[in-house]
Amino acid sequence: MTTDYATAREVAEQAREAEWTRPSFGRQLFLGDFRLDLVHPAPELPEEEIKKGDGFLRALRRFLQEKVDPAEIERTAVIPDEVVKGLASIGAFGMTTEEEYGGLGLAHLYYCRALQLTASYCPSVSALLSAHQSIGVPQPLRLFGTPEQKERFLPRCARGEISAFLLTEPDVGSDPARLATTAVRDGDSYVIDGVKLWTTNGVVADLLVVMARTGAKISAFVVEADSPGITVERRNAFMGLRGIENGVTRFHQVRVPADNLIGREGQGLKIALTTLNTGRLSLPANCAGAAKWAAKIAREWGGERVQWGRRIGEHEAVAHKIAFIASTAYALEAVVNLASRLADDERNDIRIEAALAKLYGSEMAWQVADELVQIRGGRGYETAESLHARGERGVPAEQMLRDLRINRIFEGSTEIMHLLIAREAVDAHLSVAGDLVNPRADLKTKGRAAAKAGGFYARWLPSLVAGPGQLPNSYAEFGPLAQHLRYVERTSRKLARSTFYGMSRWQGRLEHKQGFLSRIVDIGAELFAMTAVCVQAQEDTVEFGRKPYELADTFCHQARLRAEALFARLWDNTDSRDVRLARLVLDGRYGFLEEGILDPSLDGPWIAPSNPGPSEFEDVHRHVR
């Protein structure tokens, strides 16, 4: 199936939440309006929620320590059925499901802390739990399901019947306009045909959320995984997260009751994107857990290993890495905590904050894990089992690096997250000046848009000239961290001005300036992380004294350097040259570059055909019983 850019863009645009009915810290940050009041003081949970959450974390920690062998899961590439059933017995599959449907009804904050704990110990188990609850059946039904659907399916999910989310296809990644799976109404049923790829949990799932085309638009369905006509054709294998049950699933004339339609016909992508607004928090939670574990290993190894008469952590080259790991781990946890508390509070629109947390967490945790491997040297490259077999501590640093790599890809690749966040960040501009930069708009329409935009910018641009960040006593309640919040306020206004300059320069072509937009978003992510870590540190000083300030201060200084480098590259970069060269590479101009090598790739098409019809493969689907 082929689609042009305009069609693909229209499909994505229709799936957006177009309105901003609640305040958003992230949105205002990109507009140059640093609304610290929206995140500080961070919303507090009721005492009973804290008690319930802490109790579950204790039970989960005990279960992981006593019943889960992460080395065995890595070695066998399977999470034992006994582990899955044990997790169900303590309520781990119903963390986010309300108590009335048999779940625990945990706050987002404690759900993320549970995933953080699990990911630090066994990322495959964390992926199982988060895919089931964050993007599987529970979350879309909680948001869009009918009372009858919730009564039918949520108790099953809470008891441990595993769910999976099926959107991606062999020829469909981030462009849902190409979706080929169809759902055709036939009486009181829909008949689904198509092939889905990378179905995390799909090999062992009992319930599926399936995205399929109903006419010109996309709809979402709850589907029983053992319905006639469904074949799990294979279980996929990956460089990391080896315990995840991820497969290829074929649908051939699968009949699904019309009552299993989630929401209305054509709402499928909107349901998926809305689900991900809070569902995305599971990934940065996993990343924060991994980063905190890396900080522990870096401290222990940096103090134990001695070279040239000093602990290696005292050598400046290694000290840089340890400082980065420790301060970044603290910041990633702060970002997750803040975004989760905003989600629990429900007074703010967190679509930008959740997306920033996913983007920032996945990128920074990968860097943290890479630096840990470097600190460990050859031992970082060696597997935990090999280390243990020759008498040393089996530290799975290389495994953590492999396990984390996927977070930069799934639930929105880094490149797609940049574009998604950029679209939301410039929404205020497009709402007032969209027709002005729209090449299809006629002169009359452009004239009206110009008048509307003139009024908006006459009010908005002067607000970017000065602010609290220029006053030496602003944010004094944050003590030594006040300087960093002043920087965030000043830089937020600079970021907004830069976005305006970009719009003025490129107008309608701005959406194609992906390098520029990515840097704008990355600067915003650094500012959001700086804000979160300052808010977290001020809270933590009550218990830990000045120690949190020290971590936050170092992180903020590092973040400021990264932000300033990004600003410099907004206007001084090789973007146009890179695009031109890439086109020439694609056209085969530099074929000589590939001489003198051999390609070990196995034969086959780049994209597997997904022809309709019955499966020719053995069904590898299995239930955990």
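**Exercise 1.** Is Glu526 buried or exposed, going by its relative accessible area? Work that out, then look at the salt bridge it takes part in.

*Solution.* Keep in mind that this is a predicted model.
- Start with the number: Glu526 has a relative accessible area of 5%. The cut-off for buried is under 20%, so Glu526 counts as buried.
- Now find its partner. A salt bridge joins the side chains of Glu526 and Arg562, with 2.7 Å from N to O.
- Place both residues: Glu526 lies in helix H21 (residues 514-544) and Arg562 in helix H22 (residues 547-571), so the pair ties together parts that are 36 residues apart in sequence.
- Check the other end too: Arg562, at 21%, is partly exposed.

**Exercise 2.** Take the salt bridge between Arg250 and Glu233 and say which elements it ties together.

*Solution.*
- The side chains of Arg250 and Glu233 meet at 2.6 Å, N to O.
- Arg250 sits in strand E7 and Glu233 in strand E6, so the bridge ties together parts 17 residues apart in sequence.
- As for cover, Arg250 is buried with a relative accessible area of 10%, and Glu233 is buried with 11%.

**Exercise 3.** Which parts of the chain does the Glu74 and Arg402 pair link?

*Solution.*
- First, the contact: the closest N and O atoms of the Glu74–Arg402 salt bridge are 2.7 Å apart.
- Next, the location: Glu74 belongs to helix H4 (residues 70-76) and Arg402 to helix H16 (residues 397-405), so you're looking at distant parts of the chain, 328 residues apart.
- Both Glu74 and Arg402 are buried.
- Zoom out a little: salt bridges with shared partners join Glu74, Arg242, Glu398 and Arg402 into one network.
- For the whole model, the salt bridge count is 39.

**Exercise 4.** Find Asp259 and describe its surroundings.

*Solution.*
- Look in the loop between strand E7 (246-257) and strand E8 (261-262); that's where Asp259 is.
- Its relative accessibility is 58%, and exposed means over 50%, so Asp259 counts as exposed.
- Asp259 gathers with Glu100, Glu148, Glu151 and Asp188 in a surface patch of negative charge.

**Exercise 5.** How compact is the chain for its 625 residues?

*Solution.*
- Begin with the make-up: the chain has 23 helices and 10 strands.
- The radius of gyration is 25 Å, close to the 25 Å from the globule rule for 625 residues, so the chain is as compact as a globular protein of that length.
- Along its principal axes, the C-alpha trace spans about 75 × 70 × 65 Å.
- Buried residues account for 55% of the 625.

How values were computed:
Residues numbered from 1 in each chain as written. Predicted model: local features only at pLDDT ≥ 70, side-chain atom pairs only at ≥ 80, totals over all residues. Heavy atoms only, no water. Patch = residues over 30% accessible without salt bridge, like charges linked within 9 Å, V, L, I, M, F, W, Y side chains within 5 Å. Areas by Shrake-Rupley, 256 points an atom, 1.4 Å probe, with all protein chains shown as cover. Salt bridge = Lys/Arg side-chain N within 4 Å of Asp/Glu carboxyl O. Lys, Arg positive; Asp, Glu negative; His and termini not counted. Charge placed at Lys NZ, Arg CZ, Asp CG, Glu CD. Helix = DSSP H or I, 4+ residues; strand = E, 2+ residues; numbered from the N terminus. Buried < 20%, exposed > 50% of the residue type's maximum accessible area, 1.4 Å probe, protein only. Rg over C-alpha atoms; globule rule 2.2 N^0.38 Å.
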